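Biologist: I am new to this protein and would like a close look at a single part of it. Please take me through the surroundings of one residue, and then set them beside another part of the chain.

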Amino acid sequence: MIGFGDLAVIVGLNVLGAASPGPDVILLTRTGTRSRKHAWATTLGVQTGVLFWCTLTVIGATALLNAFPWALEAVQLVGGAFLIWMGVGNVRGGWADRRKPPPNTVEAAKRLGSPRASYWRGLTTNLANPKIVLALSAMIAPLLPAHPSAATAVVVIAALWLSSFALFAVYTQVISTEKVRRRLLGAGPFIDIAAGLFFIVVGAVLCMRGALALA
């Protein structure tokens, strides 16, 4: 069984990594400033992806990716293309709405589509960026035994996922308060444009890295 000190270090590093600005945080910010229900759906989607990556990392899938690096690069290409596609959609939507922003929070939520759609956006955005596997493996590898027991694997996976979920849950509640949503209502289209540009840049970087590695 992994020691408490090592587990605390892993959780601390994981929280710091999850808190850094990235596609997941940007997407949640963009959604949370419009609807709390959609923000929670996005968070659940993101955290489904986090659980998937954490499980793969702890059970040793990182070694498989290192043995077949082309698989990771292929995921980067596909994920990067998806982020670019989503970013273009956000920019186009924000540009179209800039002259006619949503008049109230109800209309702002409607423009996001269904909560189910927000869940899938959260999940696919998280899965589109496989760098979480490399980051987690760098944190976990020095602290885990070479062949962790099932109990150790479950504890580490649960600690990683619950700490990430707790962080995103707090942020979801804060960014989606009625006061924040009303204050940022008129800025919604510009938030969409900024988020879209961010996704395009991140997607382009992922595609470039994947293409160069496969070349």
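Modeller: Two residues count as being in contact here when they have heavy atoms within 4.5 Å of each other. With that in mind, and remembering that this is a predicted model, we can begin with Thr105, which is found in helix H6, a helix made of residues 105–110. Leaving aside its neighbours within four places in sequence, Thr105 is in contact with Arg34, Glu178, Arg181, Arg182 and Leu185. Thr105 has a relative accessible area of 12%, and it is called buried because that value is under 20%.

Val46 can be described in the same way, and it is found in helix H3, which covers residues 36–58. The relative accessible area of Val46 is 1%, so this residue is buried. Once its neighbours within four places in sequence are set aside, Val46 is in contact with Asp24, Gly122, Leu123, Asn126 and Phe168. Of these partners, Gly122 is 76 residues away from Val46 in sequence, yet the C-alpha atoms of the two are 4.5 Å apart in space.

As for the wider chain, the unreviewed UniProt entry carries the annotation "transmembrane region" for residues 44–68, 74–91, 126–144, 150–172 and 184–212. Two of these spans can be followed in the model: residues 74–91 are 100% helix and 0% strand, with end C-alpha atoms 26 Å apart, while residues 150–172 are also 100% helix and 0% strand, with end C-alpha atoms 32 Å apart.

Technical notes:
Residues numbered from 1 in each chain as written. Predicted model: local features only at pLDDT ≥ 70, side-chain atom pairs only at ≥ 80, totals over all residues. Heavy atoms only, no water. UniProt positions renumbered as here; feature names shortened; annotations may be inferred. Helix = DSSP H or I, 4+ residues; strand = E, 2+ residues; numbered from the N terminus. Buried < 20%, exposed > 50% of the residue type's maximum accessible area, 1.4 Å probe, protein only.
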